[in-house]
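Let's take a walk through this model together, one part at a time. Have the sequence and the 3D view open as you read.

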Amino acid sequence: LTTDNLLNVLRNVSMQGLIALGMTMVIIAGEIDLSVGSMVAFGGCLTAWTTGTLVDAGWSHAAAIPAAIALALALGFLLGSFTGIMRAQYGVPSFITTLALLTGLTGAAELITNGFPLTPFPGWYNYLGGGYLAGIPLPALIFLAAFGIVHVLMNHTPFGRSVYAVGGNAEAARRAGINV
């Protein structure tokens with residue numbers, strides 16, 4: 001129960017914790033997403049590959065990495081939106097769409113990397129996953145900030161109340177005027 005050990009544990013669970021925050025909202029809404037692990041892997045592979053490609057094209061690491069991260073986040077948003085649209089507009093079960101996405105993203109990550117790590121990255125990039133700010137691991141701070149945001153979102157906004165309502169009884173939520 002030392003401070004160093006507890007901070008190390010917090011750093012190690014921060015990635016899974018970030019994923020769990022999003023998954024918690026999906027599960028509360030009464031759905032499931034099987035693709036989150038492969039989405040994270042694909043996003044990381046896409047970020048590394050895009051960074052390398054941009055650096056080879058003459059970009060600096062300082063410009064290439066944020067651009068690659070933005071691309072990975074945008075593509076993740078689009079793919080997640082696609083599965084949501086398939087569920088909401090066409091009634092395709094989220095289990096089916098996210099299972100298909102899991103398979104596709106796993107294959108895409110394999111294609112991008114050819115099964116090998118993509119390197120090198122500058123030292124400051126490692127700071128995102130291994131650095132400290134005021135003696136606390138940066139990933140832990142990011143996780144705690146995200147936890148606070150999700151807590152406020154789910155407990156103090158109409159969106160959060162709607163998510164709980166839809167998960168509790170989608171038909172009752174629809175009749176109450178919530179766009180299920």
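Before anything else, a quick word on contacts: two residues are in contact when they have heavy atoms within 4.5 Å of each other. With that in hand, here's a first thing to know about this chain: among its contacts with a separation of 6 or more, 62% join residues 24 or more positions apart. Keep in mind that what you're looking at is a predicted model.

Now for the overall layout. The protein chain has eight helices and two strands, and if you read along the sequence, they come in the pattern α-α-α-α-α-β-β-α-α-α. Along its principal axes, the C-alpha trace spans about 55 × 45 × 25 Å. The chain has 180 residues, and 28% of them count as buried.

Next, let's look at the open space. The largest pocket has a volume of about 2200 Å³. It is lined by 49 residues, and those closest to its centre are Leu-18, Ile-19, Gly-22, Val-36 and Met-39. Plenty of elements pitch in: α1 (3-28), α2 (36-56), α3 (61-90), α4 (94-113), α5 (123-130), α6 (138-156) and α7 (158-168) each give two or more residues to the lining. Helix α3 gives the most, with 11 residues. What sort of residues make up the lining, by class? There are 30 nonpolar ones, 16 polar ones and three charged ones.

Met-39 turns up again when we move to the nonpolar cores. The largest of these has nine residues: Met-39, Phe-42, Cys-45, Leu-46, Ala-72, Leu-101, Leu-105, Ala-109 and Ile-112. The elements that give two or more residues to this core are α2 and α4. Pick out Leu-105 for a better look: leaving aside its neighbours within four places in sequence, Leu-105 is in contact with Ser-38, Met-39, Phe-42 and Leu-79. Apart from this core lies another one, of seven residues, including Met-25, Phe-143, Val-150 and Val-163.

Leu-101, one of the residues in the largest core, also leads us to Thr-83. You'll find Thr-83 in helix α3. Is Thr-83 buried or exposed? Its relative accessible area is 11%, so Thr-83 is buried, as the cut-off for that is under 20%. Setting aside neighbours within four places in sequence, Thr-83 is in contact with Thr-97, Thr-98 and Leu-101.

Val-163, from the other core, takes us on to α7. Which residues of α7 are buried? They are Gly-160, Val-163 and Val-166. These three cover an arc of only 125° around the axis, so they sit on the same side of α7. There's a simple rule behind such patterns: an α-helix has 3.6 residues a turn, so residues three or four places apart point the same way. The buried residues of α7 are covered by elements that include α1, α6 and α8 (170-175). Turn to the face of α7 that looks away from its buried side, and you'll see the exposed residues Pro-158 and Gly-168.

Our last stop is Val-180, in the segment after α8. With a relative accessible area of 48%, Val-180 is partly exposed, because that label covers values between 20% and 50%. Not counting residues up to four places away in sequence, Val-180 touches Val-166, Ala-170, Ala-173 and Arg-174. Val-180 and Ala-165 are 15 residues apart along the chain, and their C-alpha atoms are separated by 9.3 Å.

Conventions. Residues numbered from 1 in each chain as written. Predicted model: local features only at pLDDT ≥ 70, side-chain atom pairs only at ≥ 80, totals over all residues. Heavy atoms only, no water. 1 Å grid on protein atoms, 1.4 Å probe; cavity = no way out; pocket = protein on both sides within 12 Å on 5 of 7 lines; lining within 4 Å. Points joined across faces, edges and corners; volume = space filled by probe spheres on them. Helix = DSSP H or I, 4+ residues; strand = E, 2+ residues; numbered from the N terminus. Nonpolar A, V, L, I, M, F, W, Y, C, P; charged D, E, K, R; others polar. Buried < 20%, exposed > 50% of the residue type's maximum accessible area, 1.4 Å probe, protein only. Arc of directions from axis to C-beta. Core = buried A, V, L, I, M, F, W, Y, C linked by side-chain atoms within 4.5 Å.
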